[in-house]
Amino acid sequence: MFTETRLAALLMSCGAAFAAPVDLNLVSAKVCASGLAAGWEHGAFMEIFVRGYQDSDGDGIGDLRGLTSRLDYLKDLGITGIWLMPITASADRDHGYATTDFRALEPQYGTLADFDELIQQAHRRGIGIIIDYVINHSAAAHPLFEQARQGPANPYRDWFVWQDPAPTGWDIWGKNPWTTTPTGSYFGTFGPHMPDFNLRNPAVLDYHKSSLRFWLNRGLDGYRLDAVPHLIENNAVDWNDQPESRRLTKELQDLIKAYPHRHVVCEATANPKIYAEPAVCGSAFAFGLEQQVVKAAHGDVAAVRAVADYFKSAPLTVATMLSNHDIFAGERAWDQFQGDERRYKLAAATYLLQPGTPFIYYGEEIGMAGAKELPGDEPLRAPMSWTAEIRGFSHGQPFRPLSPNAATHNAAAQARDPGSLLNFYKAMLKLRNNLPSIARGSYEAGGSEGRVLSFQRRLGQEHTLVVINYGEADATMPLAGLPARTRLQPAYPNSAKPLRSGADGSAQVVIPGQSVAVYRLAR
Ligand SMILES: [Ca+2]
Ligand SMILES: [Ca+2]
């Protein structure tokens, strides 16, 4: 039974260091306070790879203390949320998706005290932190899997998916997901190094739920749930996005949101629009949209139309992006635009002004290029280019070489240049943070005319109009569906001329080539 003292202690404990082990069966979930105001999750997020962000102790590896020291940069940029790629202990010692302990930090990243300090300092700046959680699989080096592979009699055998002999007919992205060992065959959607958990086993699910609570109880603001359409498989044909996986995702969303002001976003490549619905995950990355945005910024007329139409059928709760840490979502934006900053800015404006929660990939805001000579997807995860030299990231030998354009495109140089990508991102985020209709309003009158896109956003009395011309030539865009005889005041850029709608709610805007304009409608 809760006494007021007990309640007060619990409220205080969120985000503070714990003196004693946490009760993993906490009924207290509903009273664990948030360090953030309601609605914080509608701001822009930064996706951060801790290993590549900021090294604080000279070992060449980014860490939590380093990240904490960069929170002022993120706040100044206008970021209100951070997604950390896995920070739990991993076997890969790189991206971190091969987990070896779901309740311990990657030792190279720091201590639980560092984690608590990061959460506190972020909250002090109005920034929330969500972390990656990989429920589908562990590393093959996870102690529980090492137990399971000892044989059918091991108590943890049924924590993973075993068959003997391996079934036939399976093909996941061109590969057989079954791996044969001397004691039987196990299933791994993403390969032999990442065995899938048996999420039909209630003990496994309880273990993961407790692990999710472990971090929430410390004051964490939510999760990015990895690969959720792969949680549960039925057979060689019915393995992707099964009804059981959707139901389980909803269960996890409910657990997390039982804590106040927590946020959940899912990686669900199979069906982002469905997973973004409240009935499944509540938010999911809008995979596919990023390709259309890049094409539109290159002037592809069909893509401009696709971008105009996207939010006519997508929930406004999707998470948008230009690219991320996975190569299937494209190269770093710099490489996709071959350094064409005008097109780069148009793409950024598109997803930062449209609905959805935008996730900026660290370094994107300064035009960081991929380190192309590296193998696999490593080019996407170079150390952040804080300055022209590596010293901005680490005083030691960095774990990976700097991005090839760090000499010109680094945070320090970009901050000094008024026309830089960094200052453009800042201007777009300022619009988002100052105009609630842009951050969380409706999507109305979305349309395109050739290479020009326009749409309106509305929240309560606030009403905004966004026009983006992806073409190189100036263009005249006819507008309809505006309130009659209303003045449209430029919100961006300051040099734009005010507009006025006619008695029939129409207007015309002349928009220079490769530019963006935002207007506020007078009440
Ligand atoms: Ca370090
Ligand atoms: Ca699975």
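**Exercise 1.** Is the crossing of helix 9 and helix 10 left-handed or right-handed?

*Solution.* The model is predicted: local features need pLDDT of at least 70, side-chain atom pairs count only at pLDDT 80 or more, and totals for chains, interfaces and linings use all residues. Residues are numbered from 1 along each chain as its sequence is written, chains are lettered from A and ligands numbered from 1 in the order written, and side-chain values use heavy atoms, without hydrogens and water.

Step 1. Helices (DSSP H or I, at least four residues) and strands (E, at least two) are numbered from the N terminus. Helix 9 covers residues 289-297 and helix 10 residues 301-313; their axes come within 8 Å and cross at roughly 140 degrees. Axes are fitted to C-alpha atoms, for helices over the stretch in contact, and angles run from 0 to 180 degrees between N-to-C directions.

Step 2. The two helices are therefore oblique, that is, not under 35 (roughly parallel), over 145 (roughly antiparallel) or 65 to 115 degrees (roughly perpendicular).

Step 3. The crossing is left-handed: the near helix is turned anticlockwise from the far one by less than a right angle.

**Exercise 2.** State which strands stand at the edges of the sheet 13-14-15-20-17-18, and which helix touches strand 14.

*Solution.* Step 1. This open sheet has six strands with antiparallel pairing; strands pair if DSSP finds at least two bridges between them.

Step 2. Strand 13 (444-449) and strand 18 (499-500) each have a single partner strand, so one side of each lacks a neighbour in the sheet.

Step 3. Helix 12 (residues 341-353) packs on the sheet, touching strand 14, strand 15 and strand 20 (515-521); contact means heavy atoms within 4.5 Å.
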